Amino acid sequence: MTDEVNKGTSTLSVHIDSIKVKEVLNEGDTLTFLIVSQKLSGTGECPVDRTYDDFEWLQQHLFSQEDVPGIQGVIFPPLPGKAQVNASVKVMKQLGFLGLGEWQPYCTALETFLRQVAAHSILSKNQAVETFLTSSDPPGRQKVKKNIFNRLSQAMVEMRTEGHKDVDEFFQTERDHNLVLTGCTKNAAERFLDVVQTQQKIATASGHFSTALHLCIEPGEDPDKQAFSKICAEFSEVFESMKKNMTSVAENNVSTLGLSLDLESRYQEAEKEMLLRRTCKLVELETSRRNAEKAKPVKKAALEEVRKAAETEFEHICGVAKQEITQLQRSRVEAMKQALVQLCEKQIHTARESADQFNQHLQAFRGMA
(Lines give C-alpha, C1' and ligand atoms only; values in the text may rest on other atoms or scores of the structure.)
Protein backbone atom coordinates (compact mmCIF):
# COMPACT_ATOMS: atom_id res chain seq x y z
CA MET A 1 0.00 0.00 0.00
CA THR A 2 2.88 2.39 0.73
CA ASP A 3 4.10 2.22 -2.88
CA GLU A 4 0.58 2.83 -4.17
CA VAL A 5 -0.07 5.93 -2.09
CA ASN A 6 3.04 7.66 -3.39
CA LYS A 7 2.05 7.53 -7.07
CA GLY A 8 -0.13 10.66 -6.87
CA THR A 9 -2.68 9.54 -9.49
CA SER A 10 -5.78 9.26 -7.29
CA THR A 11 -9.23 10.58 -8.11
CA LEU A 12 -11.42 10.79 -5.03
CA SER A 13 -14.51 8.61 -5.04
CA VAL A 14 -16.43 10.63 -2.43
CA HIS A 15 -18.14 14.02 -2.33
CA ILE A 16 -15.80 16.52 -0.66
CA ASP A 17 -18.62 18.48 1.02
CA SER A 18 -20.00 15.27 2.51
CA ILE A 19 -16.86 14.45 4.55
CA LYS A 20 -17.82 14.58 8.23
CA VAL A 21 -16.16 13.60 11.50
CA LYS A 22 -19.37 12.47 13.15
CA GLU A 23 -18.23 11.01 16.44
CA VAL A 24 -15.26 10.49 18.73
CA LEU A 25 -14.90 7.30 20.75
CA ASN A 26 -12.81 6.99 23.88
CA GLU A 27 -11.07 3.62 23.74
CA GLY A 28 -8.72 3.45 26.71
CA ASP A 29 -5.93 5.96 26.09
CA THR A 30 -6.84 6.38 22.42
CA LEU A 31 -9.41 8.61 20.73
CA THR A 32 -11.01 7.04 17.64
CA PHE A 33 -12.85 9.25 15.15
CA LEU A 34 -15.77 8.04 13.03
CA ILE A 35 -15.48 9.62 9.56
CA VAL A 36 -18.33 9.35 7.07
CA SER A 37 -18.51 10.52 3.45
CA GLN A 38 -20.95 10.03 0.58
CA LYS A 39 -19.80 8.00 -2.45
CA LEU A 40 -19.85 9.73 -5.83
CA SER A 41 -21.51 6.64 -7.27
CA GLY A 42 -24.56 7.33 -5.12
CA THR A 43 -24.37 3.87 -3.55
CA GLY A 44 -24.39 5.16 0.02
CA GLU A 45 -21.99 6.18 2.75
CA CYS A 46 -18.36 5.26 3.30
CA PRO A 47 -17.70 5.03 7.06
CA VAL A 48 -14.16 4.59 8.43
CA ASP A 49 -12.58 4.65 11.90
CA ARG A 50 -9.38 6.65 12.25
CA THR A 51 -7.03 7.55 15.11
CA TYR A 52 -4.72 10.56 15.28
CA ASP A 53 -1.87 8.31 14.11
CA ASP A 54 -3.84 7.79 10.90
CA PHE A 55 -4.16 11.54 10.43
CA GLU A 56 -0.39 11.91 10.90
CA TRP A 57 0.14 9.12 8.37
CA LEU A 58 -1.90 11.08 5.84
CA GLN A 59 -0.07 14.31 6.58
CA GLN A 60 3.35 12.68 6.24
CA HIS A 61 2.44 11.19 2.86
CA LEU A 62 1.38 14.63 1.67
CA PHE A 63 4.69 16.06 2.91
CA SER A 64 6.67 13.28 1.19
CA GLN A 65 5.81 14.16 -2.42
CA GLU A 66 9.27 15.45 -3.32
CA ASP A 67 8.77 14.39 -6.96
CA VAL A 68 5.77 16.73 -7.46
CA PRO A 69 6.90 20.00 -9.16
CA GLY A 70 6.43 23.02 -6.92
CA ILE A 71 5.30 20.96 -3.90
CA GLN A 72 7.41 23.10 -1.57
CA GLY A 73 5.31 26.11 -2.56
CA VAL A 74 2.14 24.51 -1.20
CA ILE A 75 0.61 25.92 2.00
CA PHE A 76 -0.38 22.60 3.56
CA PRO A 77 -3.71 22.56 5.42
CA PRO A 78 -2.68 22.54 9.10
CA LEU A 79 -3.45 19.44 11.12
CA PRO A 80 -4.58 20.24 14.70
CA GLY A 81 -2.31 19.14 17.54
CA LYS A 82 -2.82 15.72 19.06
CA ALA A 83 -5.70 15.37 21.49
CA GLN A 84 -5.26 13.07 24.47
CA VAL A 85 -7.56 11.34 26.91
CA ASN A 86 -7.16 12.90 30.39
CA ALA A 87 -4.76 15.42 28.89
CA SER A 88 -2.57 17.61 31.08
CA VAL A 89 -3.26 21.31 31.59
CA LYS A 90 -0.33 22.09 29.28
CA VAL A 91 -1.75 19.98 26.44
CA MET A 92 -5.23 21.46 26.85
CA LYS A 93 -3.76 24.96 26.78
CA GLN A 94 -1.93 24.15 23.55
CA LEU A 95 -5.18 22.91 21.98
CA GLY A 96 -6.95 26.14 22.93
CA PHE A 97 -10.49 26.25 21.57
CA LEU A 98 -10.15 22.70 20.28
CA GLY A 99 -9.93 21.33 23.84
CA LEU A 100 -13.36 22.70 24.80
CA GLY A 101 -16.85 21.27 24.50
CA GLU A 102 -16.51 17.48 24.75
CA TRP A 103 -14.24 17.35 21.65
CA GLN A 104 -16.86 18.76 19.26
CA PRO A 105 -14.63 21.72 18.26
CA TYR A 106 -11.75 19.28 17.77
CA CYS A 107 -13.84 17.06 15.49
CA THR A 108 -14.82 20.16 13.49
CA ALA A 109 -11.14 21.08 13.07
CA LEU A 110 -10.27 17.57 11.83
CA GLU A 111 -13.22 17.70 9.44
CA THR A 112 -12.01 21.04 8.07
CA PHE A 113 -8.51 19.61 7.59
CA LEU A 114 -9.83 16.64 5.58
CA ARG A 115 -12.09 18.78 3.40
CA GLN A 116 -9.29 21.23 2.60
CA VAL A 117 -6.91 18.42 1.68
CA ALA A 118 -9.58 16.75 -0.46
CA ALA A 119 -10.34 20.04 -2.23
CA HIS A 120 -6.69 20.90 -2.95
CA SER A 121 -5.79 20.60 -6.62
CA ILE A 122 -2.37 19.05 -5.90
CA LEU A 123 -2.75 17.22 -2.59
CA SER A 124 -6.02 15.47 -3.50
CA LYS A 125 -4.23 13.56 -6.27
CA ASN A 126 -2.18 11.60 -3.74
CA GLN A 127 -3.61 8.10 -3.37
CA ALA A 128 -3.15 8.40 0.40
CA VAL A 129 -6.17 10.73 0.55
CA GLU A 130 -8.45 8.17 -1.10
CA THR A 131 -7.02 5.43 1.09
CA PHE A 132 -7.61 7.44 4.26
CA LEU A 133 -11.22 8.26 3.39
CA THR A 134 -12.36 4.90 2.04
CA SER A 135 -10.14 2.00 3.15
CA SER A 136 -11.47 -0.18 5.96
CA ASP A 137 -7.88 -0.92 7.06
CA PRO A 138 -6.30 1.64 9.42
CA PRO A 139 -3.24 3.07 7.60
CA GLY A 140 -1.50 4.76 10.53
CA ARG A 141 0.56 1.75 11.63
CA GLN A 142 2.72 1.90 8.52
CA LYS A 143 6.12 3.51 8.74
CA VAL A 144 6.59 6.67 6.71
CA LYS A 145 10.04 7.78 5.64
CA LYS A 146 11.49 11.07 6.85
CA ASN A 147 11.10 13.92 4.38
CA ILE A 148 11.96 17.51 3.50
CA PHE A 149 9.77 18.85 6.31
CA ASN A 150 11.72 17.49 9.26
CA ARG A 151 10.91 19.82 12.16
CA LEU A 152 14.35 19.84 13.78
CA SER A 153 16.22 20.63 10.59
CA GLN A 154 13.56 23.24 9.79
CA ALA A 155 14.21 25.06 13.06
CA MET A 156 17.96 25.13 12.39
CA VAL A 157 17.49 26.36 8.83
CA GLU A 158 15.05 29.04 9.99
CA MET A 159 17.71 30.54 12.26
CA ARG A 160 20.10 30.82 9.32
CA THR A 161 17.68 32.12 6.67
CA GLU A 162 15.02 34.21 8.43
CA GLY A 163 16.89 37.45 7.73
CA HIS A 164 17.83 36.60 4.13
CA LYS A 165 16.74 39.37 1.76
CA ASP A 166 14.32 38.18 -0.94
CA VAL A 167 14.89 38.97 -4.60
CA ASP A 168 11.13 39.17 -5.24
CA GLU A 169 9.29 42.13 -3.67
CA PHE A 170 6.03 40.14 -3.60
CA PHE A 171 7.50 37.45 -1.36
CA GLN A 172 9.50 39.86 0.80
CA THR A 173 6.30 41.81 1.49
CA GLU A 174 4.43 38.60 2.23
CA ARG A 175 7.14 37.47 4.64
CA ASP A 176 6.94 40.79 6.48
CA HIS A 177 3.14 40.64 6.65
CA ASN A 178 3.18 37.02 7.79
CA LEU A 179 5.58 37.87 10.62
CA VAL A 180 3.19 40.51 11.94
CA LEU A 181 -0.04 38.59 11.33
CA THR A 182 1.24 35.39 12.95
CA GLY A 183 1.78 37.18 16.25
CA CYS A 184 -1.42 39.26 16.04
CA THR A 185 -3.63 36.29 15.17
CA LYS A 186 -2.17 34.14 17.92
CA ASN A 187 -2.66 36.94 20.43
CA ALA A 188 -6.25 37.53 19.30
CA ALA A 189 -7.05 33.81 19.61
CA GLU A 190 -5.56 33.67 23.11
CA ARG A 191 -7.46 36.77 24.28
CA PHE A 192 -10.75 35.50 22.86
CA LEU A 193 -10.15 32.14 24.52
CA ASP A 194 -9.78 34.00 27.84
CA VAL A 195 -13.19 35.59 27.22
CA VAL A 196 -14.81 32.22 26.51
CA GLN A 197 -13.27 30.55 29.55
CA THR A 198 -14.47 33.46 31.73
CA GLN A 199 -17.97 32.98 30.34
CA GLN A 200 -17.78 29.29 31.18
CA LYS A 201 -16.70 30.11 34.73
CA ILE A 202 -19.63 32.51 35.11
CA ALA A 203 -21.99 29.79 33.87
CA THR A 204 -20.57 27.31 36.37
CA ALA A 205 -20.81 29.81 39.25
CA SER A 206 -24.40 30.63 38.31
CA GLY A 207 -25.26 26.94 38.40
CA HIS A 208 -23.69 26.54 41.84
CA PHE A 209 -25.55 29.59 43.17
CA SER A 210 -28.80 28.25 41.72
CA THR A 211 -28.27 24.97 43.58
CA ALA A 212 -27.40 26.80 46.81
CA LEU A 213 -30.59 28.87 46.63
CA HIS A 214 -32.65 25.75 45.99
CA LEU A 215 -31.24 24.22 49.18
CA CYS A 216 -32.66 27.18 51.12
CA ILE A 217 -36.21 26.10 50.35
CA GLU A 218 -37.90 24.80 53.53
CA PRO A 219 -41.16 22.84 53.83
CA GLY A 220 -43.80 23.87 56.34
CA GLU A 221 -46.88 25.99 56.80
CA ASP A 222 -45.21 29.02 58.36
CA PRO A 223 -46.15 32.02 56.11
CA ASP A 224 -42.73 33.65 56.46
CA LYS A 225 -40.92 30.44 55.56
CA GLN A 226 -43.25 29.89 52.60
CA ALA A 227 -42.63 33.43 51.34
CA PHE A 228 -38.86 33.07 51.76
CA SER A 229 -38.85 29.66 50.09
CA LYS A 230 -40.85 31.00 47.14
CA ILE A 231 -38.36 33.84 46.65
CA CYS A 232 -35.42 31.43 46.86
CA ALA A 233 -37.06 29.09 44.35
CA GLU A 234 -37.65 31.90 41.88
CA PHE A 235 -34.13 33.28 42.28
CA SER A 236 -32.81 29.74 41.81
CA GLU A 237 -34.57 29.55 38.45
CA VAL A 238 -33.21 32.99 37.51
CA PHE A 239 -29.62 31.87 38.09
CA GLU A 240 -30.30 28.61 36.25
CA SER A 241 -31.45 30.70 33.28
CA MET A 242 -28.28 32.79 33.61
CA LYS A 243 -26.25 29.59 33.51
CA LYS A 244 -27.99 28.41 30.33
CA ASN A 245 -27.62 31.82 28.72
CA MET A 246 -23.90 32.14 29.46
CA THR A 247 -23.28 28.54 28.37
CA SER A 248 -24.97 29.24 25.03
CA VAL A 249 -23.03 32.49 24.58
CA ALA A 250 -19.73 30.66 25.18
CA GLU A 251 -20.67 27.82 22.81
CA ASN A 252 -21.63 30.35 20.13
CA ASN A 253 -18.26 32.07 20.51
CA VAL A 254 -16.35 28.81 20.22
CA SER A 255 -18.24 27.39 17.23
CA THR A 256 -17.89 30.57 15.15
CA LEU A 257 -15.17 33.13 15.80
CA GLY A 258 -13.19 30.85 18.13
CA LEU A 259 -12.70 28.09 15.55
CA SER A 260 -12.06 30.68 12.84
CA LEU A 261 -9.29 32.37 14.85
CA ASP A 262 -7.77 28.98 15.69
CA LEU A 263 -7.68 27.97 12.03
CA GLU A 264 -6.36 31.37 10.97
CA SER A 265 -3.54 31.11 13.52
CA ARG A 266 -2.55 27.64 12.32
CA TYR A 267 -2.71 28.72 8.68
CA GLN A 268 -0.41 31.67 9.37
CA GLU A 269 2.11 29.17 10.76
CA ALA A 270 1.61 26.94 7.70
CA GLU A 271 2.28 29.88 5.38
CA LYS A 272 5.35 30.78 7.44
CA GLU A 273 6.71 27.26 6.91
CA MET A 274 6.08 27.48 3.16
CA LEU A 275 7.84 30.85 2.91
CA LEU A 276 10.78 29.39 4.84
CA ARG A 277 11.05 26.45 2.43
CA ARG A 278 11.02 28.84 -0.52
CA THR A 279 13.71 31.03 1.09
CA CYS A 280 15.88 27.94 1.61
CA LYS A 281 15.53 27.12 -2.09
CA LEU A 282 16.44 30.73 -2.92
CA VAL A 283 19.62 30.38 -0.90
CA GLU A 284 20.40 27.11 -2.69
CA LEU A 285 19.81 28.77 -6.07
CA GLU A 286 22.10 31.69 -5.25
CA THR A 287 24.77 29.25 -4.07
CA SER A 288 24.51 27.21 -7.28
CA ARG A 289 24.88 30.38 -9.35
CA ARG A 290 28.00 31.44 -7.49
CA ASN A 291 29.48 27.96 -7.82
CA ALA A 292 28.80 27.95 -11.55
CA GLU A 293 30.40 31.37 -12.00
CA LYS A 294 33.55 30.40 -10.10
CA ALA A 295 33.81 26.88 -11.51
CA LYS A 296 36.92 25.71 -13.31
CA PRO A 297 36.45 24.63 -16.94
CA VAL A 298 36.51 20.92 -16.05
CA LYS A 299 33.51 21.33 -13.70
CA LYS A 300 31.76 24.18 -15.51
CA ALA A 301 29.29 22.07 -17.51
CA ALA A 302 28.19 19.97 -14.54
CA LEU A 303 27.65 22.99 -12.28
CA GLU A 304 25.72 24.78 -15.02
CA GLU A 305 23.33 21.82 -15.12
CA VAL A 306 22.93 22.07 -11.36
CA ARG A 307 22.19 25.78 -11.68
CA LYS A 308 19.58 25.24 -14.41
CA ALA A 309 17.87 22.50 -12.39
CA ALA A 310 17.81 24.77 -9.33
CA GLU A 311 16.33 27.63 -11.37
CA THR A 312 13.62 25.40 -12.83
CA GLU A 313 12.70 24.01 -9.41
CA PHE A 314 12.64 27.49 -7.88
CA GLU A 315 10.39 28.82 -10.66
CA HIS A 316 7.92 25.98 -10.05
CA ILE A 317 7.91 26.68 -6.30
CA CYS A 318 7.35 30.41 -6.82
CA GLY A 319 4.52 29.80 -9.27
CA VAL A 320 2.71 27.47 -6.90
CA ALA A 321 3.44 29.69 -3.89
CA LYS A 322 1.90 32.80 -5.47
CA GLN A 323 -1.27 30.89 -6.32
CA GLU A 324 -1.42 29.45 -2.81
CA ILE A 325 -0.98 32.85 -1.14
CA THR A 326 -3.65 34.47 -3.31
CA GLN A 327 -6.07 31.64 -2.65
CA LEU A 328 -5.35 31.66 1.09
CA GLN A 329 -5.95 35.39 1.41
CA ARG A 330 -9.24 35.16 -0.48
CA SER A 331 -10.53 32.10 1.38
CA ARG A 332 -9.50 33.31 4.85
CA VAL A 333 -11.21 36.69 4.38
CA GLU A 334 -14.39 34.91 3.33
CA ALA A 335 -14.12 32.44 6.22
CA MET A 336 -13.64 35.21 8.79
CA LYS A 337 -16.56 37.15 7.33
CA GLN A 338 -18.76 34.05 7.53
CA ALA A 339 -17.66 33.37 11.12
CA LEU A 340 -18.55 36.90 12.21
CA VAL A 341 -21.95 36.74 10.52
CA GLN A 342 -22.70 33.38 12.14
CA LEU A 343 -21.56 34.73 15.52
CA CYS A 344 -23.94 37.68 15.27
CA GLU A 345 -26.84 35.49 14.16
CA LYS A 346 -26.32 32.96 16.97
CA GLN A 347 -25.85 35.58 19.67
CA ILE A 348 -28.96 37.47 18.55
CA HIS A 349 -30.96 34.23 18.67
CA THR A 350 -29.59 33.44 22.14
CA ALA A 351 -30.29 36.98 23.36
CA ARG A 352 -33.90 36.79 22.20
CA GLU A 353 -34.44 33.46 23.93
CA SER A 354 -32.87 34.77 27.13
CA ALA A 355 -34.91 37.98 27.01
CA ASP A 356 -38.11 35.94 26.81
CA GLN A 357 -36.98 33.76 29.71
CA PHE A 358 -35.98 36.68 31.92
CA ASN A 359 -39.25 38.44 31.13
CA GLN A 360 -41.08 35.41 32.49
CA HIS A 361 -39.02 35.62 35.68
CA LEU A 362 -39.83 39.34 35.96
CA GLN A 363 -43.53 38.62 35.65
CA ALA A 364 -43.23 35.95 38.32
CA PHE A 365 -41.60 38.40 40.76
CA ARG A 366 -44.28 41.00 40.02
CA GLY A 367 -46.87 38.38 40.85
CA MET A 368 -45.35 38.00 44.32
CA ALA A 369 -45.92 41.67 45.17
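Start by selecting helix 2 (residues 52–63) and helix 5 (residues 127–134) in this predicted model. Their axes come within 9 Å and cross at roughly 165°. That makes helix 2 roughly antiparallel to helix 5, because angles over 145 degrees count that way. Look at how they pass each other: the crossing is left-handed.

Now switch on the side chains where these two meet. From helix 2, pick Asp-54, Phe-55, Trp-57, Leu-58, His-61 and Leu-62; from helix 5, pick Ala-128, Val-129, Thr-131 and Phe-132. Colour that contact by class and you'll get seven nonpolar residues, two polar and one charged.

Keep helix 2 on screen and swap helix 5 for helix 4 (104–119). What angle do helix 2 and helix 4 make? It's about 30°, with the axes 12 Å apart. So this time helix 2 is roughly parallel to its partner, helix 4. Helix 2 passes helix 4 in a left-handed crossing, too.

For the side chains here, select Tyr-52, Phe-55, Leu-58 and Leu-62 on the helix 2 side. Facing them in helix 4 are Tyr-106, Leu-110, Phe-113, Leu-114 and Val-117. The class colouring is simple for this one: nine nonpolar residues, no polar and no charged.

Next stop: the open spaces. Stay with helix 4 and add helix 8 (223–294) and helix 9 (297–368); each of the three supplies at least two residues to the lining of the second largest pocket. This pocket has a volume of about 1,000 Å³. To find its centre, select Thr-112, Gln-116, Leu-263, Ser-331 and Arg-332, the closest to it of the 35 lining residues. Which helix gives the most to the lining? That's helix 9, with 12 residues. Recolour the whole lining by class and you'll see 14 nonpolar, 13 polar and eight charged residues.

Last, hide everything but helix 8 and helix 9 and look for a closed space. The count comes to one cavity of 30 Å³ or more, and about 30 Å³ of space lies in the largest cavity. Select Lys-281, Glu-284, Leu-285, Ala-310, Glu-313 and Phe-314 to show its lining. Helix 8 and helix 9 each supply at least two of the lining residues. How does this lining divide by class? There are three nonpolar residues, no polar and three charged.

Conventions. Residues numbered from 1 in each chain as written. Predicted model: local features only at pLDDT ≥ 70, side-chain atom pairs only at ≥ 80, totals over all residues. Heavy atoms only, no water. 1 Å grid on protein atoms, 1.4 Å probe; cavity = no way out; pocket = protein on both sides within 12 Å on 5 of 7 lines; lining within 4 Å. Points joined across faces, edges and corners; volume = space filled by probe spheres on them. Helix = DSSP H or I, 4+ residues; strand = E, 2+ residues; numbered from the N terminus. Nonpolar A, V, L, I, M, F, W, Y, C, P; charged D, E, K, R; others polar. Axes fitted to C-alpha atoms, helices over the stretch in contact; angles between N-to-C directions. Parallel < 35°, antiparallel > 145°, perpendicular 65-115°, else oblique. Left-handed = near helix turned anticlockwise from the far one by under 90°. Contact = heavy atoms within 4.5 Å.
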